[in-house]
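Welcome! Here is a short briefing to read with the structure open beside you. Take it topic by topic and look up each residue as you go.

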Number of protein chains: 2
Amino acid sequence: MAEIAELAVVEATLADASALATSFLQTLVRLLRAQDSYGAWEKKSDAEILKDYVITREQRRSLPIIGDPDPDVLWRVEQYYAAIGLCIEKETGLVASPMMSMHHEGFGRVILTAGRLVALSKQLRDVHRFGFDTLSALTAEGEKQVAAAAAMIRKYSEVANA
Amino acid sequence: MAEIAELAVVEATLADASALATSFLQTLVRLLRAQDSYGAWEKKSDAEILKDYVITREQRRSLPIIGDPDPDVLWRVEQYYAAIGLCIEKETGLVASPMMSMHHEGFGRVILTAGRLVALSKQLRDVHRFGFDTLSALTAEGEKQVAAAAAMIRKYSEVANA
């Protein structure tokens, strides 16, 4: 049993390492580091900088079901969608600018627009519990959004260029 | 001279009266009255309810050039764009939902989306001085935005219905 558990840890670490190498997480890390004006994070690894994006099932269970999101979590949500916007730009050549509108109780909406096109639109809820099971889940979800938005832009390129 | 001044006042009043009858200002008044939960405005005329939307040149000159908008003016801006959204719906049959994102110093952006289309997009600045010379100017500007957004929706109807 101990061996199986160890193996699972090794596998998870390998998955995290390959997640950290993806273009999406590299973009997100770059965005976060760009705001480290005082160099407080200089010695931190990428995994450490991203650690608040990961909320395990146990951690999630311990969070209240209803709660007001604090500024830190709102900032993480913003950076997450900003990273999606930058990756969309890398893939399509068009700037996708995010706009977020949140109620203080933690629900709201975020959209990414390219020209006159809403490339991505997402209803947010329970933002105080925003997080992913693993770094792999984080990058998989981010890449999925980027792919969907890029497909939208290719489909309606006239509007996206308007 | 006194006669000319009087004539100007009469003309202005007539212009205001016809502005108040427009569909745009009727919609805006309805929106504002809908939020009067305690009936405090029941005895107020439409012109009184709209009076804070009018800022004469003299009043504007007396306002600081730079300033943080207070919640009241932000609320007026929101209701103004909500009225534009409702009028767009009346004209095109499609819901146009507003989203506003403001910096506390009074600049930001407001958009109205219909389906996947950004029907209206406007950069806002100096929001603490938001207002119009007259009620006619207010309704003229509102109607202009409605017409532009409706034209956009007709042009890209596939995206607006997506």
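A residue counts as buried under 20% relative accessible area, as exposed over 50%, and as partly exposed in between. By that scale Asp126(B), with a relative accessible area of 32%, is partly exposed. Please keep in mind that this is a predicted model.

**Confidence in the model**

- The model scores ipTM 0.82 and pTM 0.86.
- Chain A has a mean pLDDT of 91, and 97% of its residues reach 70 or more.
- Among the elements of chain A, the highest mean pLDDT, 97, belongs to helix α6 (residues 135–155) of chain A, and the lowest, 77, to helix α1 (residues 2–20) of chain A.
- Where pLDDT is low, the predicted coordinates should not be read in detail.

**The build of chain A**

- Seven helices and three strands make up the elements of chain A.
- Follow the sequence of chain A and you will meet them in the pattern α-α-α-α-α-β-β-β-α-α.
- Along the principal axes, the C-alpha atoms of chain A fill a box of roughly 60 × 35 × 35 Å.
- Chain A has 162 residues, and 39% of them count as buried.
- Take the contacts in chain A between residues at least 6 apart in sequence: 66% of these join residues at least 24 apart.

**Surface and charge of chain A**

- About 9,200 Å² of chain A is exposed, and carbon and sulfur atoms supply 56% of that area.
- Chain A carries 18 positive and 22 negative charges, and the mean positions of the two sets are 6 Å apart.

**How the two chains are related**

- Chain B is superposed on chain A by a rotation of 180° with 0.0 Å of shift along its axis, at an RMSD of 0.0 Å.
- The two copies are thus related as by a two-fold rotation axis.
- Which residue of chain B comes closest to the rotation axis? Leu117(B) does, with its C-alpha at 2.6 Å.
- The copies meet through the same surface, because 100% of the interface residues of chain B are also interface residues in chain A.

**A buried tyrosine, Tyr53(A)**

- You can find Tyr53(A) in the loop between α3 (46–49) and α4 (57–62) of chain A.
- Is Tyr53(A) buried or exposed? Its relative accessibility is 1%, so Tyr53(A) counts as buried.
- Leaving aside residues up to four places away in sequence, Tyr53(A) touches Leu28(A), Leu32(A), Arg76(A), Gln79(A), Tyr80(A), Phe130(A), Gly131(A), Phe132(A) and Leu138(A).
- Ala82(A) lies 29 residues from Tyr53(A) along the chain, and their C-alpha atoms are separated by 14 Å.

**Asp126 in both chains**

- Most residues other than glycine have a negative phi.
- Asp126(A) has a positive phi of about 50° although it is not a glycine.
- In chain B, Asp126(B) also has a positive phi, of about 50°.
- Look for Asp126(A) in the loop between β3 (117–124) and α6 of chain A.
- Asp126(B) is placed in the loop between β3 (117–124) and α6 (135–155) of chain B.
- With a relative accessible area of 31%, Asp126(A) is partly exposed.
- The value for Asp126(B) is 32%, so Asp126(B) is partly exposed too.

Technical notes. Residues numbered from 1 in each chain as written. Chains lettered and ligands numbered in written order. Predicted model: local features only at pLDDT ≥ 70, side-chain atom pairs only at ≥ 80, totals over all residues. Heavy atoms only, no water. Helix = DSSP H or I, 4+ residues; strand = E, 2+ residues; numbered from the N terminus. Buried < 20%, exposed > 50% of the residue type's maximum accessible area, 1.4 Å probe, protein only. Contact = heavy atoms within 4.5 Å. Areas by Shrake-Rupley, 256 points an atom, 1.4 Å probe, with all protein chains shown as cover. Lys, Arg positive; Asp, Glu negative; His and termini not counted. Charge placed at Lys NZ, Arg CZ, Asp CG, Glu CD. pLDDT = per-residue confidence, 0-100. Least-squares fit on C-alpha atoms with pLDDT ≥ 70 in both.
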